[in-house]
Amino acid sequence: MTSYKLSGIIAAGLFTCGMHSAAYAQDAKVGSIAVNGAYTRATVPGQAAAGGFMKITSSGAADQLISATSTVSDDVQLHTMTMDNNVMRMREVKQIDVPANGAVELKPGGLHIMFMNIKAPLKAGESVPVKLKFAKAGEVEVKMPVNAPGGHGHGPKH
């Protein structure tokens, strides 16, 4: 196969993947708050919890993410992960601060949303509706794509 044909096939594949990603990820906005690249990961039967990740940006005043709710779990918590003497510790936090004219990333190994006691396994290719509540901006619903286990998926946009 010539390199011209091969590059055309690769370009077509990348375009298709890009189109799929654009349609799959959903961004949301409320007031001066924008939520980008939200996603979660598929779970296995019996797995009780799952994390939610995204980038939250403020184009104005500082704000705080104060709660999250979802139909996949009756208990959705705001969490942080830290290392303490080579032990990973996860704990609930009351709020996640979003700096004025800045951003905060909710990502594996750091701040994140935790879906506790999920009602059914999360399956790759589905999406999870999540309502985020901010102290100043109010509420916004985000549809989080469910990515394959261990995959970083769409992740926050940088």
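Me: Which word fits Asn117, buried or exposed?

Reply: Good place to start. Please keep in mind that this is a predicted model. To read burial, look at the relative accessible area: over 50% counts as exposed and under 20% as buried. Asn117 has a relative accessible area of 58%, so Asn117 is exposed.

Me: Where does Asn117 sit along the chain?

Reply: Find the strands on either side of the residue. Asn117 is in the loop between β9 and β10, and β10 covers residues 127–134.

Me: And what is notable about the phi of Asn117?

Reply: Look at the sign of the backbone angle and at the residue type together. Asn117 has a positive phi, near 50°, and is a residue other than glycine. Asn86 is another non-glycine residue with a positive phi, at about 65°.

Me: Where is Asn86, then, and is Asn86 buried or exposed?

Reply: Asn86 belongs to the loop between β5 and β6, where β6 spans 87–92. With a relative accessibility of 74%, Asn86 counts as exposed.

Me: Let me step back. How many helices and strands does the protein have?

Reply: Count the elements, then read their order. There is one helix, and there are eleven strands. Along the sequence, the helix comes at the start of the pattern and the strands follow: α-β-β-β-β-β-β-β-β-β-β-β.

Me: What share of the residues counts as buried?

Reply: The protein has 158 residues, and 37% of them count as buried. For the outside, turn to surface area: about 8,800 Å² is exposed, with 58% of it supplied by carbon and sulfur atoms.

Me: How do I read contacts across the whole chain?

Reply: Ask how far apart in sequence the partners are. Among the contacts with a separation of 6 or more, 68% are between residues 24 or more positions apart.

Me: Which residues does Leu65 touch, beyond its sequence neighbours?

Reply: Leu65 is a nice case for linking place, burial and contacts. This residue lies in strand β4. Its relative accessibility is 0%, so Leu65 counts as buried. Not counting residues up to four places away in sequence, Leu65 touches Ile56, Leu78, Lys94, Gln95, Ile96, Leu106, Leu132, Lys133 and Phe134. You can also follow the backbone: the C-alpha atoms of Leu65 and Ala135 are separated by 6.5 Å, though these residues are 70 apart along the chain.

Me: Which strand holds Ala34, and what is Ala34 in contact with?

Reply: Ala34 has its place in strand β2, residues 33–41. Leaving aside neighbours within four places in sequence, its contacts are Ala28, Lys29, Lys55, Ile56 and Thr57. For Ala34 and Ile56, the C-alpha atoms are 5.7 Å apart, with their positions 22 residues apart along the chain.

Me: Can we try a loop residue? Where is Ser73, and is Ser73 buried or exposed?

Reply: Ser73 is in the loop between β4 (63–70) and β5 (75–84). A loop position does not settle the matter here, so check the accessibility: at 2%, Ser73 counts as buried. Beyond its neighbours within four places in sequence, Ser73 is in contact with Phe115, Met116, Asn117, Ile118 and Lys119. There you meet Asn117 again, as one of the partners of Ser73.

Me: What does Glu92 touch?

Reply: Glu92 lies in strand β6. Residues up to four places away in sequence aside, Glu92 touches Gln77, Leu78 and His79. From Glu92 to Leu111, the C-alpha distance is 9.6 Å, for two residues 19 apart in sequence.

Me: How many aromatic pairs are there?

Reply: For ring pairs, look at the distance between centres and the angle between planes. The count comes to one aromatic pair. Tyr39 and Phe53 form it, 5.2 Å centre to centre and with 45° between the planes, which makes the pair tilted. Tyr39 is in strand β2 and Phe53 is in strand β3, so the pair ties together parts 14 residues apart in sequence. Both residues are buried.

Me: Last one: what is the volume of the largest pocket, and which residues line it?

Reply: Start with the volume, then the lining. The largest pocket has a volume of about 170 Å³. Its lining has 15 residues, and those closest to the centre are Arg41, Gln47, Ala50, Gly51 and Phe53. Strands β3 (49–58) and β9 (112–116) each supply at least two lining residues, and β3 gives the largest share, three residues. By type, the lining divides into eight nonpolar, six polar and one charged.

Notes:
Residues numbered from 1 in each chain as written. Predicted model: local features only at pLDDT ≥ 70, side-chain atom pairs only at ≥ 80, totals over all residues. Heavy atoms only, no water. Helix = DSSP H or I, 4+ residues; strand = E, 2+ residues; numbered from the N terminus. Buried < 20%, exposed > 50% of the residue type's maximum accessible area, 1.4 Å probe, protein only. Contact = heavy atoms within 4.5 Å. 1 Å grid on protein atoms, 1.4 Å probe; cavity = no way out; pocket = protein on both sides within 12 Å on 5 of 7 lines; lining within 4 Å. Points joined across faces, edges and corners; volume = space filled by probe spheres on them. Nonpolar A, V, L, I, M, F, W, Y, C, P; charged D, E, K, R; others polar. Phe/Tyr/Trp six-rings, centres within 6.5 Å; stacked < 30°, edge-to-face > 60°. Areas by Shrake-Rupley, 256 points an atom, 1.4 Å probe, with all protein chains shown as cover.
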